[in-house]
Amino acid sequence: MNEIVRALLFALITAHITTMCVTIYLHRTMAHRALKLHPFISFLMRFWLWLGTGMVTKEWMACHRKHHSFVDAEGDPHSPRLVGLATVVFKGVFLYTEAVKDKEMVEKYGKGAPDDWFERNVFSKRRRLGVLSTLAIDLLLFSFPVGLVVWGIQMVWIPFWAAGVVNGVGHAWGYRNFDSKDTSHNFSPFGILLAGEELHNNHHADITSARFSRKWWEVDFGWLYIQSLSLLGLAKIEPAKVSLY
Ligand SMILES: [Zn+2]
Ligand SMILES: [Zn+2]
């Protein structure tokens, strides 16, 4: 296999794992408490997110919970209705960065975030060290500039697909299973690329559910992984508090 193909596969597999960590750990577990993860799995995911994104759990939880609290209204950190779809898709990461500068907001909405030694001394304090370590690993694994391109793909993956496409398109285009009082849409029935985050209207209809798919033809990859972790005794799925059936 030539180096370009190996590099592309590596970039896509690592980006997929990062997407899983965002949806399973940050979103469904930490922000919404829809499941409990084994502490070791939680730690691994937090460590992976530090390497792959430099994002801090408490800040992500706060920004996302604020989105649910103010959805589509003044105060929503990334509403296409307020700032336009193109701005959220292409500059969503800057909207996120701007929102989490508000430390009072982070304290208010980020309750229950990890506050252990690693969080204080590594993940929050040395957030650039994680992504720079990933750059070093990529350059060790691949020649220059292939390793640099792999790193570029890994670094723009979450800012574009999660902060951009999910937050933007998920409130603009697609179909709706539930008549929620917001603009949330399911923009693809196949939650493969974004691990179920595509089913955004289903999620807004019941934020307490660890499962984002609702119809038999909808595929939620995040849910498949959660079920596998649960079978292995590494996750405990909380019963959804709102019944949609
Ligand atoms: Zn939303
Ligand atoms: Zn949510």
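Start by selecting Phe43: this ring is partly exposed, with a relative accessible area of 25%. Keep in mind as you go that you are looking at a predicted model.

**Stop 1: a ring and its partner**

Now add Phe123 to your selection. Phe123 counts as buried, at 3% relative accessibility. Together, Phe43 and Phe123 form an aromatic pair. How are the two rings arranged? Their centres are 5.8 Å apart and their planes make an angle of 50 degrees, which gives a tilted pair. Next, colour the helices to see where each ring comes from. Phe43 belongs to helix H2 (residues 39-52), while Phe123 belongs to helix H7 (residues 117-123). The pair links distant parts of the chain, with the two positions 80 residues apart.

**Stop 2: another ring beside Phe123**

Keep Phe123 on screen and select Phe118. These two rings are stacked, with 6.1 Å from centre to centre and 25 degrees between the planes. Is Phe118 buried or partly exposed? Phe118 counts as partly exposed, at 38% relative accessibility.

**Stop 3: the whole cluster**

Widen the selection to Phe43, Phe47, Trp50, Trp117, Phe118 and Phe123, and you will have one aromatic cluster in view. If you enjoy hunting for rings, the structure holds twelve aromatic pairs.

**Stop 4: charges over rings**

Select Arg28 and Phe212 next. The charged end of Arg28 sits over the ring of Phe212, at 3.7 Å from the ring's centre. Then move to Lys66 and Phe70. Here Lys66 lies over the face of Phe70, 5.5 Å from the ring centre.

**Stop 5: the zinc ion**

Finally, select the zinc ion (ligand 2) and show the residues around it. Which protein atoms are its donors? They are the NE2 atoms of His27, His32, His64, His68 and His203, and they lie 2.0 to 2.2 Å from the zinc ion. Trace these donors along the chain and you will find the spacing H-x4-H-x31-H-x3-H-x134-H. Now pick out His68 and His203. His68 lies in helix H3 (residues 57-70) and His203 in helix H10 (residues 200-205), so this pair ties together parts that are 135 residues apart in sequence. As a last check, look at how these two sit in the protein. His68 is buried, with a relative accessible area of 16%, and His203 also counts as buried, at 1% relative accessibility.

Conventions:
Residues numbered from 1 in each chain as written. Chains lettered and ligands numbered in written order. Predicted model: local features only at pLDDT ≥ 70, side-chain atom pairs only at ≥ 80, totals over all residues. Heavy atoms only, no water. Phe/Tyr/Trp six-rings, centres within 6.5 Å; stacked < 30°, edge-to-face > 60°. Helix = DSSP H or I, 4+ residues; strand = E, 2+ residues; numbered from the N terminus. Buried < 20%, exposed > 50% of the residue type's maximum accessible area, 1.4 Å probe, protein only. Lys NZ or Arg CZ within 6 Å of the ring centre and 35° of its normal. Donors = N, O, S within 2.8 Å, 3.2 Å for Na, K, Ca; no water.
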